Amino acid sequence: MADFVALQTFIAAARTGSFAAAARQLGISPAMVGRRIQALEERYASRLIERTTRSQRLTELGSQFLARAEAVIAASEELDELAQPESARLSGRIRLSGPTTIGIKRLPAIMARFTAVHPEVVVEMSLTDRRVDLVEEGYDLAVRIGELQPSTMIARRVGTYRFVCCAAPEHLARFGAPNHPDELARRNCVLNLNLIPRNRWPFLKPDGTPFTVAVQGNIEIDNGEAQRAAALAGAGIICSPLDLVADDLASGALVQVLADWALPTRPIYTIHPSRRLVPRRVTALIEAVAEGLKDS
């Protein structure tokens, strides 16, 4: 029978799509990835991955082998969990995916507290606003903002993502603060290219009914930090996640506008792949994230 390390290496190479990506995920060299997979192929006298200098693909047998290998690794991890007493110290690696803004502003402090309590756990956190495929890319857990699409993933709501409209004091001193969202059509706003459509901002009426207003501006950016920097430089009004600008609002570097008009919020979830037994280290981290984000 193949050893578990070789199987884990094969799974990483198959799911990430390259030996180099698998090596980064596992913390080893691409050459070591190649040697482990070659050993598997020699053991079973079959080609599992067809490789060229530019690409790779699973053979038909490799696809079947991948499903069996994942089942073997999952069963082994479940046996390890069952054999450990509840009082045993948590250990192992957790691969976590999170969105950029909350990943920078909120998650690091949560990870610091968690690893201080569980020093034998390694948390590998990757930040991207792209929705990664947890199974294909080998993640144990993800933090997601917004409503989720139907899937087999296990989801738990852990917080609320809030937004605020704000601008630099110098901008407001020059142009004045808007009193109604409709006034944004005549103001310079910094538009978010990730918002579809980019020139419509959502608000809530006093009775909670949602509505949108047309906005305009001569700067359009696809990155939250860059939008914040533009606002700080006096470029105009931004509609930003509160997490991104909370420190600026507290210091006075930015000033909230339209405070009497609520903006829609978005839910924050943790999601993880469905399996019979989730490792205790993963469930413990979910609890830590839920505790850290519960007031958001």
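User: Quick one to start: in strand 12, which residue is the bridge partner of Cys 165?
Analyst: That's Cys 239. Keep in mind that this is a predicted model.

User: OK. And how many bridges join strand 7 to strand 12?
Analyst: Four, with the two strands running antiparallel. Strand 7 covers residues 163-167.

User: What sheet does that belong to, and what's the strand order?
Analyst: An open sheet of three strands, ordered 12-7-13, with antiparallel pairing. Strand 12 (238-241) and strand 13 (255-257) are the edge strands, each pairing on one side only. From one strand to the next, the twist averages 55°.

User: Which helix lies across those strands?
Analyst: Helix 10, residues 242-251. It lies across strand 7, strand 12 and strand 13, and runs at about 105° to strand 12.

User: Switching to the five-strand sheet: what's the order there?
Analyst: 4-3-5-14-6, again an open sheet, but here the pairing is mixed. Strand 4 (121-127) and strand 6 are at the edges with a single partner strand each, so each has one side without a neighbour in the sheet. Ignoring direction, neighbouring strands are turned by 20° against each other on average.

User: How do strand 5 and strand 14 run, and how many bridges join them?
Analyst: They run antiparallel, joined by four bridges. Strand 14 is residues 266-272, and Thr 270 there is the bridge partner of Val 143.

User: What does helix 11 touch on that sheet?
Analyst: Helix 11 packs on the sheet and touches strand 3, strand 4, strand 5, strand 6 and strand 14. Its direction makes about 20° with that of strand 6. Helix 6 lies across strand 3, strand 4 and strand 5, at about 170° to strand 4.

User: Now the largest nonpolar core. Which members touch the most others?
Analyst: Ile 268, Leu 285, Val 289 and Leu 293, out of 22 residues. At least two residues each come from strand 3 (92-98), helix 6 (107-117), strand 5 (141-145), strand 6 (154-161) and helix 11 (280-293). Helix 11 gives the most to this core, with six residues.

User: Take Val 289: what does it touch beyond residues up to four places away in sequence?
Analyst: Ile 110, Met 111, Val 143, Val 158 and Thr 270. Two of those names came up a moment ago: Val 143 and Thr 270 are the bridge partners. Apart from this core lies another, of 19 residues, including Ile 49 and Ala 69.

User: Let's do Thr 59. Where does it lie?
Analyst: In the loop between strand 2 (56-58) and helix 4 (60-83).

User: Buried or exposed?
Analyst: Buried, because its relative accessible area is 10%, under the 20% cut-off. The Thr 59 side chain reaches the backbone nitrogen of Gly 62 at 2.9 Å. Leaving aside neighbours within four places in sequence, Thr 59 is in contact with Arg 47, Leu 48, Ile 49 and Glu 50.

User: On to helix 9. Which of its residues are buried?
Analyst: Gln 227, Ala 230 and Ala 231, within a helix spanning 224-232. They cover an arc of only 100° around the axis, which puts them on the same side of helix 9. What covers them includes strand 8 (188-192), strand 11 (216-221) and strand 12.

User: What is Ala 230 in contact with, leaving aside neighbours within four places in sequence?
Analyst: Val 190, Ile 221 and Ala 235. Ala 230 has a relative accessible area of 12%.

User: And what happens at the start of helix 9?
Analyst: A side-chain oxygen of Asn 223 reaches to within 3.0 Å of the backbone nitrogen of Glu 225. Just after the helix, Gly 234 takes a positive phi of about 90°.

User: Last topic: which side chains of strand 9 point to the buried face?
Analyst: Trp 201 and Phe 203. Arg 200, Pro 202 and Leu 204 point to the other face and are not buried.

User: How is strand 9 joined to strand 10?
Analyst: By five bridges, antiparallel. Arg 200 has Ala 214 as its bridge partner in strand 10. Their hairpin has five residues between the strands, and Gly 208 takes a positive phi near 90° in it.

How values were computed: Residues numbered from 1 in each chain as written. Predicted model: local features only at pLDDT ≥ 70, side-chain atom pairs only at ≥ 80, totals over all residues. Heavy atoms only, no water. Pairing = 2+ DSSP bridges. Axes fitted to C-alpha atoms, helices over the stretch in contact; angles between N-to-C directions. Contact = heavy atoms within 4.5 Å. Buried < 20%, exposed > 50% of the residue type's maximum accessible area, 1.4 Å probe, protein only. Polar contact = N/O pair within 3.5 Å; in protein donor to acceptor, adjacent residues only side chain to side chain. Arc of directions from axis to C-beta. Core = buried A, V, L, I, M, F, W, Y, C linked by side-chain atoms within 4.5 Å.
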